[in-house]
Amino acid sequence: MFRRPNRENQFFKKNFTFYLIAYVKAYFNKSKPIHFFFTLSCLVCCNLIKAQTPPVFGNPLDIPIQLAANFGEVRPDHLHTGWDIRTHEKTGYPVHAAADGYLSRIKVSASGFGLVLYVTHPNGYMTVYAHLDHFNTAIGNFVKQQQYLKQSFEVELFPSIEKFVVKKGDVIAYSGNSGASGGPHLHFEIRDASGETYPLNPALLGLVIADTVKPVVSRLYLYPLSNNVNDTSYYYKVQKDSCDYSIKPDSIVSDYAAVGFGIVGADYKNGSSNDYGIYYIEEALDGKDIFSIKFDRLDFSNARYVNAHIDYAKLKQENITIHRLYRLPGDHNSIYRHLVNDGHIVLKDTFFHQVVITCKDEMDNTSYLIFYLRFSGKTFPADSSIATNTTFFTFNKPHVFSADSIRLQFPSDILYTNLNFQYSCSFSSSKDIYSAIFNIGNASIPLHSYYQVFILARAIPDSLKSKALIVYQNSGRESALVSHWTSEELNARAREFGYFYVKLDTIPPRIATAGIKQNQHIKKLFLRFYISDKLSGIATYNGYLDGKWILMEYDQKNNRLNCNLPTNLTYGEHRLNLIVTDQVNNKNSFTLTFKK
């Protein structure tokens, strides 16, 4: 039977064990002062009391919660770890602390979460507020002081516990669109006591959104599992009956004795056409559970395993998200709950067997897909051959590949299944490419970790070697990799398959002003610049007002640098010198003379 997890008991059990072990260790360490035992005893007692009190989190905004994205939704290389709360395409809504606690971490970044706050709560949880526009006055002044002290826009700060104590409902910041946000909203997370490892589903911790809509199942896929190198699939259309879902006809006759299934599904909430992802999926064969997955607790260290859980090739090639109802051999994610034979169905007879796939949301709204499966009895000759122009890679072993002027080093466990590795080499007449063009692998194959690429590039003069980069290209888009020389080889780390070659970046970053000319009188104490780099990317940006460092706020996704001039700026002429470098140390500077 489906039950919501008792988070309070889980937290107590975990922390009680930790403190008990620490207590025992301390007992046998005679150098420890006696007050250590008393402190541990108090902590255990506090956890006993705390475990009986459910966490209470409030709405972090003054407006009703409407989601733009849900916890556990499939994203590029990860599952979404919180709620994206709509702010009606506006910025500047007050953001409130969801519960009592203290500000334990502050981060300002040009990408990722942008401006983000982390609040630690005495009930053993942490809340995260991301893509903010600006902080409240006290926090903002503290951050700016640290930015000037470090002479850096990007900072990561860990205030002392007593520095910023907050009460539930206190305004700590204002909603925005900073970092890699695709539009104004508040990204809100609840994490467990560790703070940095396990994000939790807010819908299971007291923040409930009206939802009486059942999940929808739209497609069913069958995957032969006799040979796990080839990810072949067979598609079946799903239809809605009066109560449940089915396929037409209602049975599948498979030529393969070992199979796995995958589904395409969606879930909606009252009054919204957004797909929020399915919270819980279960598969049963003849009434016995063989697979289940639940998106209630994630692990940041397992994020990239999402590429094994979904059909990565289908997502890349057709933009279809298929949830596998079986686990690949190299998938070590913790989201799977009940697995029998990793969800593989192995049919040993030719009778019909019932398959029931159950989909639920956080409010227990439930849909069922019911069909029947039979093995045809067909047999295939054993196929141990390797495709032409390929090299066989075992998923859990390291591999080294060398050909032409390239060398590749793959660590173990970089693959989720065995692979017939493909490679080819071609040459370009382009004058700005300084190597062959190497087609490494298949871009539709996911990789879990990095591998090393070494390219022998002989044609580059010594004077230009510092400007050389290995470039990755996929779907016509170029990305420069951080590259280093090892003797005559240029090397870089890569995490995807595709086309690789060597280029030079000798062009400095571009700097442009926004609506202000030299020697112009300014009325507002605000300047904006646009900066960009053609290949390697922006590395540093520093502004100096009349010879002194001044904070430049970088909006990476819009290539903007914003500069708020001091309110006590004197009347008269001033100079602002902007220096921008890229990743291979090409430098550009620009001096703006203006008058107040």
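A residue counts as buried under 20% relative accessible area, as exposed over 50% and as partly exposed in between, with a 1.4 Å probe and protein chains only. By this rule Cys563 is buried, because its relative accessible area is 0%. Cys425 is partly exposed, because its relative accessible area is 28%.

The model is predicted: local features need pLDDT of at least 70, side-chain atom pairs count only at pLDDT 80 or more, and totals for chains, interfaces and linings use all residues. Residues are numbered from 1 along each chain as its sequence is written, and side-chain values use heavy atoms, with hydrogens and water left out.

**Cysteines**

A disulfide is a covalent bond between the sulfur atoms of two cysteines. With a disulfide taken as a pair of cysteine sulfur atoms within 2.5 Å, a search of the whole structure finds zero disulfides.

**Sheets and strands**

Helices (H or I, at least four residues) and strands (E, at least two) are DSSP runs numbered from the N terminus. Two strands pair if DSSP finds at least two bridges between them.

One open sheet has six strands in the order S25-S28-S29-S35-S31-S32, with antiparallel pairing. Its edge strands, each pairing on one side only, are S25 (390-393) and S32 (477-481). From one strand to the next, the twist averages 30°, where axes are lines fitted to C-alpha atoms (for helices over the stretch in contact) and angles run from 0 to 180 degrees between N-to-C directions.

Another open sheet consists of five strands in the order S37-S44-S43-S39-S40, and its pairing is mixed. Here the edge strands are S37 (520-521) and S40 (548-550), each of which pairs on one side only.

Three strand pairs are set out below.

| Strand pair | Sense and bridges | Facing residues |
|---|---|---|
| S31 (468-474) and S35 (498-504) | antiparallel, six bridges | Ile470 opposite Val502 |
| S39 (538-545) and S43 (573-582) | antiparallel, seven bridges | Leu545 opposite Leu576 |
| S17 (251-254) and S24 (366-375) | parallel, four bridges | Ile252 opposite Leu373 |

In a regular strand the side chains alternate between the two faces of the sheet. Strand S17 has a covered face made of Ile252 and Ser254, and an uncovered face made of Ser251 and Val253.

**Pocket and cavities**

Rolling a probe the size of a water molecule over the atoms shows where empty space is left. On a 1 Å grid over the protein atoms alone, a cavity is a set of points where a 1.4 Å probe fits but cannot get out; a pocket is an open set with protein on both sides within 12 Å along at least five of seven lines, and lining residues have an atom within 4 Å of a point. Grid points are joined across faces, edges and corners, and a volume is the space filled by probe spheres set on the points.

The largest pocket holds about 760 Å³ of space. Its lining comprises 30 residues, of which Leu115, Leu132, Asp133, His134 and Glu553 are the closest to the centre. Strand S8 (126-135), helix H3 (137-150), strand S41 (553-555) and strand S42 (560-564) are the elements that give two or more residues to this lining. Helix H3 gives the most, with six residues. Ala, Val, Leu, Ile, Met, Phe, Trp, Tyr, Cys and Pro count as nonpolar, Asp, Glu, Lys and Arg as charged, and the others, Gly among them, as polar. By these classes the pocket lining has nine nonpolar, 14 polar and seven charged residues.

His134 also appears in a pairing of positions with Ala173: their C-alpha atoms are separated by 5.9 Å, although the two residues are 39 apart along the chain. Ala173 lies in strand S11 (residues 171-175) and counts as buried because its relative accessibility is 0%.

The structure also holds three cavities of 30 Å³ or more. About 60 Å³ of space lies in the largest cavity, and among the residues that line this cavity are Trp83, Asp211, Lys269 and Glu362. The lining of the largest cavity divides into six nonpolar, no polar and three charged residues.

**Backbone features in loops**

Most residues other than glycine have a negative phi, and most peptide bonds are trans. The peptide bond from Lys248 to Pro249 is cis, with omega near -5°; Pro249 is found in the loop between strand S16 (245-247) and S17.

Asn341 has a positive phi, near 55°, and lies in the loop between strand S21 (323-324) and strand S22 (345-346). Asn341 counts as partly exposed because its relative accessibility is 48%. Ser475 has a positive phi near 55° and is found in the loop between S31 and S32. Ser475 counts as exposed because its relative accessibility is 70%.
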